[in-house]
Amino acid sequence: MNGAGRVLRTELGRVRGLGSAKEGVQHWWMQRVTAIALIPLLLWFVIAIVAHTGQDYAAVHAWLASPVTLGLMILLVGAVFEHAQLGLQVVIEDYVHSEWLKIAAVLGVKLASLVLGLAAVVALAVIAFGH
Amino acid sequence: MPSHERPLSPHLQIYRWQLTSVLSILHRATGVALAVGTLLLVYWLVAAASGPESFATSQELIGSVVGRILLLGWTWALFYHLCNGVRHLFWDAGRGFELKTAYASGWTVVGASFLLTLIAWIAGYAVRGGA
């Protein structure tokens with residue numbers, strides 16, 4: 001028996017893309033979307049950081065405060081922390097077998113990613129609009 | 001959770017090390033290391049937002065011997081994860097699964113990660129002008 005025609009999932013469930021985890025392919029897809037976004041963003045970031053190596057406060061501040069840098073840095077920070085928390089979640093789910101510890105660790109990673117991402121964006125905003 | 005410890009068979013130590021599995025483990029390891037590295041990025045941005053003194057302190061820390069060694073490690077981890085991530089995206093698209101191709105792309109990723117790290121650091125020192 002090859003299982004053809006014996007679909008146990010409901011049509012509505014298939015349309016909504018929900019599996020047993022109740023979230024469909026959202027996690028997998030967002031990890032790929034952020035990965036693709038990070039390819040150009042990280043190449044720009046490394047080149048920019050190399051170009052500003054050893055520069056003083058005023059020069060780095062001026063670079064970070066420019067509109068293009070601000071926009072790209074916010075995109076970078078957003079994609080980095082979304083990608084990181086999705087990836088760390090998979091690692092935790094693979095290796096942490098105690099259910100409570102697993103839930104606590106995943107929530108901790110999501111909270112830390114949110115706080116760090118916000119801290120980075122606030123810092124960028126202060127650099128661009130403060131002083 | 002199993003109520004008592006059961007033997008794992010065959011155990012992990014049985015398997016011979018091979019490029020494909022080592023690169024897979026490295027992808028995870030570099031991903032986790034880069035997630036930790038975001039702490040440095042956020043610290044650096046917050047320092048730049050806090051004023052010239054805290055920025056100078058952050059530059060001193062990052063420019064110290066330990067700082068440079070960590071940054072070198074993170075540079076390689078970033079390029080490795082980036083290159084191997086592209087390799088994964090090709091797999092997601094259903095390409096490159098043949099054993100020969102998987103090994104060729106694997107060695108390419110290893111070579112590219114070291115080469116890009118070298119280029120970035122030579123460029124960094126060139127921009128900086130000496131030590």
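Begin by selecting chain A and colouring it by secondary structure: in this predicted model, chain A holds five helices and zero strands, and a walk along its sequence gives the pattern α-α-α-α-α. While chain A is still selected, consider how its residues are placed, for buried residues make up 18% of the 131 residues in the chain. Among the contacts in chain A with a separation of 6 or more, 71% are accounted for by residues 24 or more positions apart.

Two single residues of chain A are worth a stop before moving on. Select Val90(A), which is found in helix H4 of chain A. Is Val90(A) buried or exposed? There are 15 other C-beta atoms within 10 Å of Val90(A), and because a residue counts as buried at 20 or more and as exposed at 12 or fewer, Val90(A) is partly exposed. Adding Thr10(A) to the selection gives a pair that is 80 residues apart in sequence, with their C-alpha atoms 27 Å apart in space.

Next, go to Gly130(A), which is found in the segment after H5 of chain A. Gly130(A) has 10 other C-beta atoms within 10 Å and is therefore exposed. If you then measure from the C-alpha atom of Gly130(A) to that of Pro67(A), 63 residues apart along the chain, the separation is 14 Å.

Now hide chain A for a moment and select chain B, where there are four helices and zero strands, so that the elements, taken from the N terminus on, run α-α-α-α. Turn chain B along its principal axes, and its C-alpha atoms fill a box of roughly 60 × 45 × 25 Å. The radius of gyration of chain B is 20 Å, whereas a compact globule of 131 residues would have one near 14 Å. Of the 131 residues of chain B, 20% count as buried, and among its contacts between residues at least 6 apart in sequence, 71% join residues at least 24 apart.

Within chain B, select helix H1 (residues 19-50) and helix H4 (residues 99-128), which pack at an angle of about 45 degrees with their axes 10 Å apart. That angle makes H1(B) oblique to H4(B), and H1(B) passes H4(B) in a left-handed crossing. Which residues meet where these two helices touch? Show the side chains of Leu19(B), Thr20(B) and Leu23(B) in H1(B), and those of Ala102(B), Tyr103(B) and Val109(B) together with Gly106(B) in H4(B), for these are the residues that meet. Sorted by class, the contact of H1(B) with H4(B) has five nonpolar, two polar and no charged residues.

Stay with Tyr103(B), a residue of helix H4 of chain B, and look at its surroundings. With 14 other C-beta atoms within 10 Å, Tyr103(B) is partly exposed. From Tyr103(B) to Leu89(B), 14 residues apart in sequence, the distance is 16 Å in space, C-alpha to C-alpha.

Finally, bring chain A back and show both chains together. The contact between them takes 28 residues from chain A and 26 residues from chain B. On the side of chain A that touches chain B, the elements giving two or more residues are helix H2 (26-51), helix H3 (57-65), helix H4 (67-95) and helix H5 (99-129) of chain A. Which of these gives the most? The answer is H2(A), with eight residues. Over this whole side of chain A, the residues divide into 22 nonpolar, five polar and one charged.

To end the tour, select H2(A) together with helix H3 (residues 65-92) of chain B, which pack at an angle of about 135 degrees with their axes 11 Å apart. H2(A) and H3(B) are therefore oblique to each other, and H2(A) passes H3(B) in a left-handed crossing. From H2(A), the contact is made by Arg32(A), Ala35(A), Ile36(A), Ile39(A) and Leu42(A), while H3(B) brings Leu78(B), Leu82(B), Gly85(B), Val86(B), Leu89(B) and Asp92(B). The residues of the contact of H2(A) with H3(B) divide into eight nonpolar, one polar and two charged.

Conventions:
Residues are numbered from 1 along each chain as its sequence is written. Chains are lettered from A and ligands numbered from 1 in the order in which they are written. This is a predicted model: local features need pLDDT of at least 70, side-chain atom pairs count only at pLDDT 80 or more; totals for chains, interfaces and linings use all residues. Axes are lines fitted to C-alpha atoms, for helices over the stretch in contact, and angles run from 0 to 180 degrees between N-to-C directions. Angles under 35 degrees count as roughly parallel, over 145 as roughly antiparallel, 65 to 115 as roughly perpendicular and the rest as oblique. A crossing is left-handed if the near helix is turned anticlockwise from the far one by less than a right angle, and right-handed if clockwise. Two residues are in contact if their C-beta atoms, placed from the backbone, lie within 7 Å. Ala, Val, Leu, Ile, Met, Phe, Trp, Tyr, Cys and Pro count as nonpolar, Asp, Glu, Lys and Arg as charged, and the others, Gly among them, as polar. The radius of gyration is taken over C-alpha atoms; the globule rule is 2.2 Å times the number of residues to the power 0.38.
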